[in-house]
Amino acid sequence: MSNLTKNPNVLAWLDEVIALTTPDKVVWIDGSEEQLQALRDEAISTGEMETLNSEEYPGCLLHRTKKNDVARVEGRTYICTKKKEDAAPINNWMETSEMKAMLTPLYTGVMKGRTMYVIPYCMGPIGSPYSKVGVEVTDSIYVVLNMDIMTRMGQCALDQLGDESNDFVRGLHSKADVEEEKRYIVQFPEENAIWSINSAYGGNVLLGKKCFALRIASYQGYKEGWMAEHMLILGIEDPNGNVEYITAAFPSACGKTNLAMLIPPKHFAEKGYKVWTVGDDIAWMHVGEDGRLYAINPEAGFFGVAPGTNAKSNYNALMSTKKNAIFTNVAVDNDTRKVWWEGLDKNPPVNATEWTGIPVNGPEYIAEGNKLAHPNSRFTAPAVNCPCLSKEFDNPNGVPVSAIVFGGRRAKTAPLVYQSFDWNHGVYVGSAMASETTAAATGAVGVVRRDPMAMRPFTGYNMGDYFGHWLEMGKKLGDKAPKIFNVNWFRTNEDGKFIWPGFGDNMRVLMWILARCRGEVEANETAIGYLPNAADIDVEGLEGIDLATIEGLLSVDKDLWLEDCAGVQDLYDQIGERVPAELRSQLAALRDRLSK
Ligand code: GTP
Ligand code: SPV
Ligand code: MN
């Protein structure tokens, strides 16, 4: 297929990557249904993709990655800049030209015998002044088909870029031989470039997502005065039809997709409250003309965690996967060609193929202690499928943000919810976030680690400068700044069971948050921030949760908090001199208040 653009910057870069990787063939992805269908058919014929039950899952496909390639690889993810201090020390760093010299041999001739697909894509609504364009080249049809769901892809993206602009992110991906020891996910924020090699899994290779929309974009936002954050965006509509928007940053696999699509508890629904999803993973936020903070979702689909998703926990996510979706590393029922994962229902298929492709007896296999689906198995689902998709989803200006919420998995320390005293204290609260690790990245699961603003794996520059940028944004927003909160759905009891029911019932906490934003409810000023009066958390219709349970969930153990402060201190010391003095004094003031 011929070129879709005359843009000389795109064409010159493409000449370079073709000369480097020497593909047999170059195919421009125009976004047309004919072309996509031909690619699906080809992937099915080679076994790269499998079809599913065409009545229950029309247009859906199944893909299995290699066993060594099932999650993001933070240890092999780099931010490369000219000067070390501009990316380190939280990020892995290597000098730009040194990294290119190391990777160039890996890319040399890597697409010989293969087809190179050229994917122009747009992050954010077409026509939005806040959207940005990328071009990804890849030798993977799986990447093309996923990028189709996750972004606005094809000719529309090149039209958004125009014939002259050089403002696009250059993404170079090759799955190569999917060798773990030669896998690199590398961002060059100073050059708007991404090089990814030897992976064919999700966040490592769908370069518009974490690599661009967070790592590169966070740096662009720092330079240009806006924010790229690991946040869901949701709207709550009251019975009068007014909608207020909340963004929330939780680390990977800590509940963003679930919160973004929650189903209101019965009594709220009966009163006429509704929840609308704008985004489930990434928010780009700008100061709008009226001085408020506005958020757009740069993505067009959801790359969601499959295990635990069911009709009760997340009905809307499940419905989103019912057509034109791609399932990665889930199990399949060979009799019905329906997908299955842990937590979907209580009936694992007997005649099953587990996620790596081995036929097994599902119930027996599970009884032996195995999992049928990989814990980080995922669905890629078009946002338009989502029953509660916000009508503002494509609004080029985004939605105004009333509250920003931070949260993570903390078995003991963090209470169910509290509010920061003001913006700067809220920035401290975000910087002090910590969470138990999950299967979304390779490595140990369940270990508490500091994950500021849920951005530890995704900040494309120095973390101290990133904190400074948050403080700057607060200055710009002044008294129009969103209020900042922290939540924790994951407190456990003596038996290690979650105390708070979570999922749809999290709306009860969001209602308190919005009431606080409107100044409608009192709170207790404590050492850590404003805590709710237990009676102000609506528990109507909740079984087994009474005032005492809520009081327990809101309790703050000062010794644990002082220990946690030491963890924050360590993080700040590790980041070093670029941590803003304001945050160090916030930490000191918190310690003072806790010690009184
Ligand atoms: P990424 O896509 O990796 O960024 O993850 P995410 O933050 O969107 O997490 P997601 O909503 O997919 O949830 C991850 C896991 O947490 C799933 O297994 C959910 O079932 C579980 N989870 C989500 N919300 C809650 C909650 O309120 N309570 C409890 N106990 N578990 C939850
Ligand atoms: C995450 O890990 O936060 C994800 C999945 O959303 S991935 O796209 O693989 O990064
Ligand atoms: Mn995520």
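This briefing walks through a metal site, two ligand sites and a few local backbone features. Keep in mind that the structure is a predicted model. The manganese ion (ligand 3) is held by protein donors from Lys210, His230 and Asp281. Two of these residues, His230 and Asp281, also appear in the surroundings of ligand 2, so they make good landmarks while you explore.

**The manganese ion**

- The protein donors of the manganese ion (ligand 3) are NZ of Lys210, NE2 of His230 and OD of Asp281, and they lie 2.1 to 2.5 Å from the ion.
- To find them in the sequence, look for the spacing K-x19-H-x50-D.
- His230 and Asp281 bring together distant parts of the chain, being 51 residues apart. His230 sits in the loop between strand 12 (227-229) and strand 13 (231-237), while Asp281 sits in the loop between strand 15 (274-279) and strand 16 (283-287).
- The arrangement of the 6 donor atoms is irregular because the angles they subtend run from 65 to 176°. For reference, ideal angles for six octahedral donors are 90 or 180 degrees.
- His230 counts as buried because its relative accessibility is 0%, and Asp281 is also buried, at 8%. The cut-off behind both labels is a relative accessible area under 20%.

**Ligand 2**

- The residues surrounding ligand 2 include Arg72, Tyr201, Lys209, Lys210, His230, Ser252, Asp281 and Phe458.
- An N or O atom in the side chain of Ser252 is 2.5 Å from an oxygen atom of ligand 2.
- For the side chain of His230, the distance from an N or O atom to an oxygen atom of ligand 2 is 3.3 Å, and for that of Asp281 it is 3.4 Å.
- On its own, ligand 2 exposes 290 Å², and the protein buries 98% of that area.

**Ligand 1**

- Ligand 1 has 21 residues around it, and the closest are Ala253, Lys256, Thr257, Asn258 and Arg378. Arg378 is also listed around ligand 2.
- A polar backbone atom of Ala253 is 2.7 Å from an oxygen atom of ligand 1.
- The side chain of Lys256 has an N or O atom 2.8 Å from an oxygen atom of ligand 1, and a backbone N or O atom of Phe503 also lies 2.8 Å from an oxygen atom of this ligand.
- Ligand 1 alone has 660 Å² of accessible area, of which the protein covers 90%.

**A closer look at Thr353**

- Thr353 belongs to strand 22 (residues 352-353). Thr353 is classed as buried because its relative accessible area is 10%.
- Its side chain makes a polar contact with the side chain of Asn334, at 2.8 Å.
- Beyond residues up to four places away in sequence, Thr353 touches Arg64, Ala331, Val332, Asn334, Ile358 and Pro359.

**Backbone features to look for**

- Most residues other than glycine have a negative phi, and most peptide bonds are trans. The residues below depart from those habits.
- Ala88 and Pro89 are joined by a cis peptide bond, with omega about -5°. Pro89 is in the loop between strand 4 (77-81) and strand 5 (92-95).
- Asn324 has a positive phi of about 55° and lies in the loop between helix 10 (315-320) and strand 19 (326-328). Asn324 counts as partly exposed because its relative accessibility is 40%.
- Asn329 also has a positive phi, near 65°, and is placed in the loop between strand 19 and strand 20 (331-333). Asn329 is buried, with a relative accessible area of 0%.

Technical notes. Residues are numbered from 1 along each chain as its sequence is written. Chains are lettered from A and ligands numbered from 1 in the order in which they are written. This is a predicted model: local features need pLDDT of at least 70, side-chain atom pairs count only at pLDDT 80 or more; totals for chains, interfaces and linings use all residues. Side-chain values use heavy atoms; hydrogens and water are left out. Donors are N, O and S atoms within 2.8 Å of the metal (3.2 Å for Na, K and Ca); water is not among the atoms, so sites may look incomplete. Four donors count as tetrahedral if all angles lie between 85 and 135 degrees; four count as square planar and six as octahedral if opposite donors are over 155 degrees apart and all others between 65 and 115; anything else is irregular. Helices (H or I, at least four residues) and strands (E, at least two) are DSSP runs, numbered from the N terminus. Buried means under 20% relative accessible area, exposed over 50%, partly exposed in between (1.4 Å probe, protein chains only). A residue is near a molecule or strand if one of its heavy atoms lies within 4 Å of it. A polar contact is a pair of N or O atoms within 3.5 Å; within protein, one must be able to donate a hydrogen and the other to accept it, and residues adjacent in sequence count only if both atoms are side-chain atoms. Accessible areas come from the Shrake-Rupley method with a 1.4 Å probe; for residues, only the protein chains shown count as cover. Contact means heavy atoms within 4.5 Å.
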